[in-house]
Each structure stands twice: as C-alpha cells, then as structure tokens.
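This report looks at a single protein model and sets out how some of its helices, strands and aromatic side chains are arranged. Please keep the sequence and the structure at hand while reading.

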Amino acid sequence: MNKDYNLEKRKFVIGGTVLAVAFIYLVRLFLLQVPDNDYKMFADSNAFLRKIQYPSRGLIYDRNGKLLVYNQPAYDVMMIMREVQPFDTLDFCRTLGITREQFDQRIRLVKDRRHNPGYSAYTPQTFMAQLSAQDYGRLQEKLYKFPGFFIQNRMLRQYAYPCGANVLGNIREASPRDIENDSYYIRGDYTGDLGVEKSYEKYLRGEKGVEILLRDAHGRIKGRYENGAFDEPPVSGKNLKLSIDMDLQEYGERLMANKIGAIVAIEPSTGEILALVSSPSYDPSQLVGRSRGKNYALLQSNPYKPLYDRAIMAAYPPGSTFKPTQGLTFLQEGIITPNTPFPCYHGFVSGRLKVGCHAHGSPLTLIPAISTSCNAFFCYGLKAMIDSRSKYAGTMEAFDTWKDYMVSMGYGYRLGIDMPSESRGFIPNSKYYSKIYGENRWRSLTIISIAIGQGEVLATPLQIANLSATIANRGYFYTPHVVKEIQDTVLSDDYRTRRYTKVSAANYEYIVDGMRAAVLGGTCRIGAIPGVEVCGKTGTAQNPHGKDHSVFMGFAPKDDPKIAIAVYVENAGFGATYGVPIGSLMMEKYLAGEISSERKYLEDNMLNANTMIFSGIKRN
C-alpha cells in the first residue's frame, strides 16, 4: 500500500515538474515575441536598416512676409553598436578632428543608459552631431572604412536677422525628459527651446519619415526594400507668419542698446504684437551649430541676463502708468465723477502719512490729474473707495472689489500670450494683507502706495502695453499674440475674442483725454509727433535697489489707434527721460516709416545713451 502510494506521489512530482518547465518556456517565449522587442530588433537589423528621414522644419516670416528663420543642412554621425567592427580608430578621429580620449568618452556616453535611456545595440545612436560641411565631405569619402557608422542628414536653423532672439527662440537637442514625455523624440533629435520655436514646436517640427534599406548576409546595404514600397516620406513642418514687424523690432533693439528693460508694441484692433524687445539681447545665430553649448553657457553667466525675456517674464512696479486703472475704477464705482476735485499741496497728506508729489495746480479733477500724473489725486480716490461704508460692507469687500477691476484690465494673472514662461505679475487681495497685518487690522492708509503703482503691485511690460491697447479700444482687448498665421491651420479663437473690462466705454473717454493732455502740455510733452494725435502716460517707478525706473505707455492715433506701446527702462530715472522718447520714436517709426528731421536729435540721444552704468551690476 505504502509502495503504491509513494509511486503515485513521484508521478505527480515528475508531472508537475514537466508542466512547470513547459510553463516557464511558454512564458519566456511570450516575453521574447510580444513585450520584448530586442529579439525582433535583432532579427530585423540583420535584414533591414530603418533610416529616419527628418522633415524640413517650418519656416518663420514676419507680418510683411520677410523670411526670418529658414533651414540649412546638417550632418550627424550615427552608429549601430552591434555592427561596429575593428577599424582604424586614429584615422577616424583625425577625419573628425577629435582625440582618441574624446572618441572613447563619446562611446561611453552612448552606452550609458542614464545619459542615453533609449540605448540599444541594435538601433542607430548619435555619435557626433552637427558636422561641418568640410568634416562631412572628408568622412563621406572614407565611410566605407568604418563599419557600423553612417551619416544622418538633418536640418539646422539659420537666422536672417541678428535680432528678435527672445521672440524666435532656438532649437536644442532633446533632453531625456523630452524623450520621456513625447514619443516623437529619440536621442539626437532637436526640439524648440524658448520663443515660438518652443511654443509652436508641434507645428514647426513636422512628421518624420523612414527609408527601409535592405542588407545582405554581411550587413552591407543592397538598396531599398521592395523599391521603397514601404518607405514613409517625411511631412514638412508648418510655416509661421508672425505678427512681428521685423523692421520695428530691429529699431527697438537699437534704441534699447546699452539699456536694461523692454518694449512691447501691440496693434489694438487685433492684439497682434508688433515688437517684443528685451534688452540686453543677443544674436540668435549664436545658438546654432557646434558652438551652441559654449555660447549658451556664456549667455547664462552674463550678469545682465540676455536669455531672460524681460518683456513677458519681468514683474516690475508699474509706477504712474497704473493710475489710469485707478481713475477708471473710481469712475465706474461712483467714487468720483469727472469733475470731482482733490487737493494736492505737494502730495497726499493724512495725519502723519505723506505721499510726495511734484509741483502743479491744485485742486485737480481727473483729466488734469492724469495729464500731470498727480499722486495725491489717486491716493485720495483709493482712500475714498476703501473707506466707503455706504457702498461696501467693510475694508475687505471694498478691496476685493478693487482687485476684480484690476484683474478685468489684465493684471494679476497671465494674459495668455503664445510664448513660454509668461509671468503673472502680482495684484494682492484682502487675504494677502490680512495675513501680513491681521484681519481687520489694516485700512486704506496701510496700502495707499498701490494707488500710484507702487507697494506690492507688480506688472509685466506686456501687461502695461495691454492696458494701453485696452484704453485705445475704450474698454476691451484681445489676448496678445505673436503668431499671425499658421500654414493650413486656423488660429485659435482665443486670439480673436474680445475681452471686456468691468468699465464702460464712456468712462474710458476721460482717460483718453487725460493721456492726450499729457502729450499736449503735461508730463509727456517730449513724446509729441508732428501730425499725429499721440496719447501717453509717464511712470517713474521707485526702485529700492538703486536709481528709479523710467516707464511709458501710450498709443496713436487717438481716434484710430494703430499702435499701443509700453517702454520700461531700468535704472533710468524719470519716465520722460527715456521711456517717453523711446516710446514715441517707436510709434513714429511704425506709423511714418522714418523719424522726422525735427526729432532726429531725440533719436540720436536715445541711440547713444547708456543707462547700464546705473544698474549697479558688476561685470564678471
């Protein structure tokens, strides 16, 4: 009985073992054939070479059809590791102009999965990118000597103008994160970096093609598989037409030479950006080719930060360019009428608190307060609004109402420009002040400086220019954008939809009249353009770290506005010293095509001025 039982038991053990081994083989076979591509790649690579065909990247034009960015051929040295056979390494290095140590380091990096996550010995890997035409010619002649290596044709960018770098952006090699986040990329691919090259990457890059080449038993290429029946041609990227006027952009960059700051010019009727100047800038061709890495490092270490797009990323105190938002809010809320006077005896005074002002008539109503940029008027207006108990339940409700007006005018949040890394600026709310001072422990006098664009309020030059466009339109704006057209594609409705503020069109007329008066006889007199009704507003933004910033916003013509503009020059003093002249020259250049003879002196002064000496930045 026991003997039979033990025999039966051994049969089960042997049978189970056989089944287990069979199961393991089946699982392994499944893993090899279905999830694991290595076996298939090994088999395919013996018979075929799948050579990627890179598409031509989309071209970029300005609003007038001028070609700004185009393509030039480039050549990458590729390798398939398992096909590399012994060869004359020193001859290979001499041909490419590298040392043996550099060769060994490149091989190590190709094989390093931390540096090259997609590495496979069966698939093409980039050994060296962006050969010069001379290196390409030398290598092409000797390529038969170096088995496992081949040349991949690519496209690099070429720039027709040495300006507009912050708008155009550039391209760089795709990072491991790019490859992980988007299956389109493999190691050695290029992707947009900064500017429209980044924000419109998926339109510009096109679609890759593939050429399938047949190998013989020795791995030699014998021609196209099935005469190319299974090849996929690349699809070129879409061309972009920018809203930028490159002549105006170039002129703006010349005016801002040796200055730190930004210029933003907008067409009010469309929201199209005519110029987006960030200074200091750089020639975009510096970031092309083999010298890209070196030049990028130099730009990054530059203390003036040329890679930092001040036009959309810098958050500054807007200074007196913020006063029109206050006048509009007070009018709409019924805090003042156009004829409400406030006194100004060299400033706003309440108890021991005083906010200074410059000499002008007193008392003032709204239009002359805008014209003369009176600090006291807007401080009294904000105090009347925040302290009003007939309209609001308390300080917090009054202040949050105020904030809602600012947000409706484009402050405190990103406007949504089609460029990367836009800043939102800053508009505080009641909770912000309650956190600092305690709930119900702050009043209008605690925060009075925000009435004149100081204190905690911060804005980008883009937001200031957008306010000017909104005033020009009498109460609405379009989301600012730098791309006017995409080839064979309809532009997003976001850029064609009017965005209205909380203020009626009628109340904007008083602000327009005040800004016109500022040019006729107020703080913007130097900005007058012969034959053009210019409206403007100065700003002198206090800077706790040095000399004040010079700010201006304006538009022209008054009743048929073609251009709205903001100028911000760091450490340059009064708004009328640099902001107004630069802004008015930009408007004249765009509207007339040239600067009138009687204003050439002003142009020469701005072109030759240097305000960097006031920045306090020490060069390396």
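## Two sides of helix α11

Which residues are exposed on the other side of α11? The model is a predicted one, and in it helix α11 spans residues 292–301, with Arg292, Asn295 and Leu299 buried. These buried residues cover an arc of only 75 degrees around the axis, which is why they fall on the same side of α11. The residues exposed on the other side of α11 are Lys294, Leu298 and Gln300.

The buried residues of α11 have packing partners in two strands, namely β6 (170–173) and β7 (190–193).

## The five-stranded sheet

An open sheet is formed by five strands in the order β12-β11-β20-β19-β18, and the pairing within it is antiparallel. Its edge strands, each of which pairs on one side only, are β12 (272–279) and β18 (535–541). Direction ignored, neighbouring strands of this sheet are turned by 5 degrees against each other on average. As a general matter, strands of a sheet pair through backbone hydrogen bonds, in either a parallel or an antiparallel manner. Here, the edge strand β18 pairs with strand β19 (residues 549–556) in the antiparallel sense over seven bridges, and the bridge partner of Thr538 in β19 is Phe552.

Two helices lie across strands of this group. Helix α10 (residues 246–255) lies across β11 (261–267), β12 and β20 (563–569), and it runs at about 25 degrees to β12. Helix α18 (residues 461–472), for its part, lies across β11, β12, β19 and β20, running at about 150 degrees to β20.

## A hairpin of β13 and β14

Strand β13 (residues 347–350) and strand β14 (residues 353–356) run antiparallel and are joined by four bridges. Within this pairing, Val349 stands opposite Lys354 in β14. The two strands β13 and β14 form a hairpin that leaves two residues between them, and in the turn Gly351 has a positive phi of about 65 degrees.

## Aromatic pairs

The count of aromatic pairs in the model comes to 29. One of them joins Phe87 and Phe92, whose rings are 5.6 Å apart centre to centre with 70 degrees between the planes, an edge-to-face arrangement. Phe87 counts as buried because its relative accessibility is 17%, under the limit of 20% that applies to this term. Phe92 likewise counts as buried, with a relative accessibility of 0%.

Phe92 also pairs with Phe127: the ring centres are 5.6 Å apart and the planes stand at 65 degrees, so this pair is edge-to-face. The pair links distant parts of the chain, since Phe92 belongs to helix α3 (residues 89–96) and Phe127 to strand β4 (residues 125–131), 35 residues apart. Both Phe92 and Phe127 are buried.

Elsewhere, ring pairs link a cluster made up of Phe322, Phe399, Trp402, Tyr411, Phe426, Tyr432, Tyr433, Tyr437 and Trp442.

## Charges over rings

Where does the charged end of Arg498 sit? It is placed over the ring of Tyr476, at 4.1 Å from the centre of that ring. In a further case, the charged end of Lys589 sits over the ring of Tyr251, 5.2 Å from the ring centre.

Key: Residues numbered from 1 in each chain as written. Predicted model: local features only at pLDDT ≥ 70, side-chain atom pairs only at ≥ 80, totals over all residues. Heavy atoms only, no water. Buried < 20%, exposed > 50% of the residue type's maximum accessible area, 1.4 Å probe, protein only. Arc of directions from axis to C-beta. Contact = heavy atoms within 4.5 Å. Pairing = 2+ DSSP bridges. Phe/Tyr/Trp six-rings, centres within 6.5 Å; stacked < 30°, edge-to-face > 60°. Lys NZ or Arg CZ within 6 Å of the ring centre and 35° of its normal. Axes fitted to C-alpha atoms, helices over the stretch in contact; angles between N-to-C directions.
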